[in-house]
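Hi there,

I am passing a structure on to you, and my notes follow just below it. Have a look at it before you read on.

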Amino acid sequence: MDVAAPKAVLSQETFGQLRDLIYERTGIRFADNKKYLLESRLTRRLEERNCPDFEAYYHFLKYDPEREREMTALYNVVTTNETSFFRDMPQLSAFAEGVLAEILRNGTGASRALKLWSAACSTGEEPYTLAMMAVEKGIASRGLRLEVLATDISEMVLKSAQRGLYGEYAIRNTPDQYLKKYFAQEGSSYAVRPEVRDLVRFQHMNLVDPSRMKLVRGMDVVFCRNVLIYFDEAAKKKVVASLYDSLNPKGYLFIGHSESLHTISRAFKLVTVNKMLVYQKA
Ligand SMILES: C[S@@+](CC[C@H](N)C(=O)[O-])C[C@H]1O[C@@H](n2cnc3c(N)ncnc32)[C@H](O)[C@@H]1O
């Protein structure tokens, strides 16, 4: 008879060590009352790495030659990837009707390209939405090339984003006109059409890694929505400073509607665009 191995228990001390390591690497801060969450999310990793307990798993992450590969798997389980197409329509209308319309009137920062960045793109719904809206706005017909950069720390979501195949739930807020024009129905799934997929370039990028972030420059609009909430103030400051540097002068930054840069950065101007508050590089 098989006897199930006793379930590993995460001690307060090891929770502290794992939490600090995760924070150091991702900026994500697990509060004291989130111990159970970390415990349940990591249990599968212990099994996969044949670690009998959390102490052994922590040791693995610190010292094993395979540690960087395990870090990649860890990023997949500690991140929250909730997203959808056309998430927060009032903000997106401000982007299309306010920001894009202004860019069409006045041109982009420097080049003949409109450069957008979805800086925590999850499974791709956000960057594809931005690409579709920009196409719809007639960017190409005004002689501007459209480039959408989409980055995330989790390799797992990036793989899924690149497939560009979605279920009903992901497209639930998508206006009909977009659904018809930019998706192909494949059974019960919806595939983003290649002409939109080709506009988006997916890349792995950790927002708290300034050495990678400094490679992104010349952006006209950055979306960094619903990720700062997982960071503490120090990590937010670091990320927002990098985002600032990535933008062209007068470029725009959209953060989640429940997020704010109050106490985080004074570098941005808070401007009203189509009744929505948006940050603009001074
Ligand atoms: C809740 S989703 C938000 C997706 C999209 N921006 C939206 O608003 O719908 C948060 C994403 O941030 C990513 N993320 C978390 N920490 C990150 C980091 N340090 N660097 C880059 N991406 C990170 C997660 O992997 C996840 O896909």
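How many nonpolar, polar and charged residues does the shell around the ligand have? By class, there are eight nonpolar, 10 polar and five charged residues in that shell. Here Ala, Val, Leu, Ile, Met, Phe, Trp, Tyr, Cys and Pro count as nonpolar, Asp, Glu, Lys and Arg as charged, and the others, Gly among them, as polar.

Please keep in mind that this is a predicted model, where local features need pLDDT of at least 70 and side-chain atom pairs count only at pLDDT 80 or more, while totals for chains, interfaces and linings use all residues. Residues are numbered from 1 along each chain as its sequence is written.

The ligand is surrounded by 23 residues (C-beta atom, placed from the backbone, within 6 Å of it). Thr79, Thr83, Ala120, Ser122 and Ile153 are the closest.

Now to the domains, whose bounds come from an automatic or database domain assignment. The protein chain has domain 1 (12-78) and domain 2 (89-281). Both domains give residues to the shell around the ligand, so the ligand lies between them. The centres of the two domains, taken over C-alpha atoms, are 30 Å apart. Seven residues of domain 1 are in contact (C-beta atoms, placed from the backbone, within 7 Å) with 12 residues of domain 2. By class, that side of domain 1 has two nonpolar, four polar and one charged residues.

Happy exploring!

How values were computed:
Contact = placed C-beta atoms within 7 Å.
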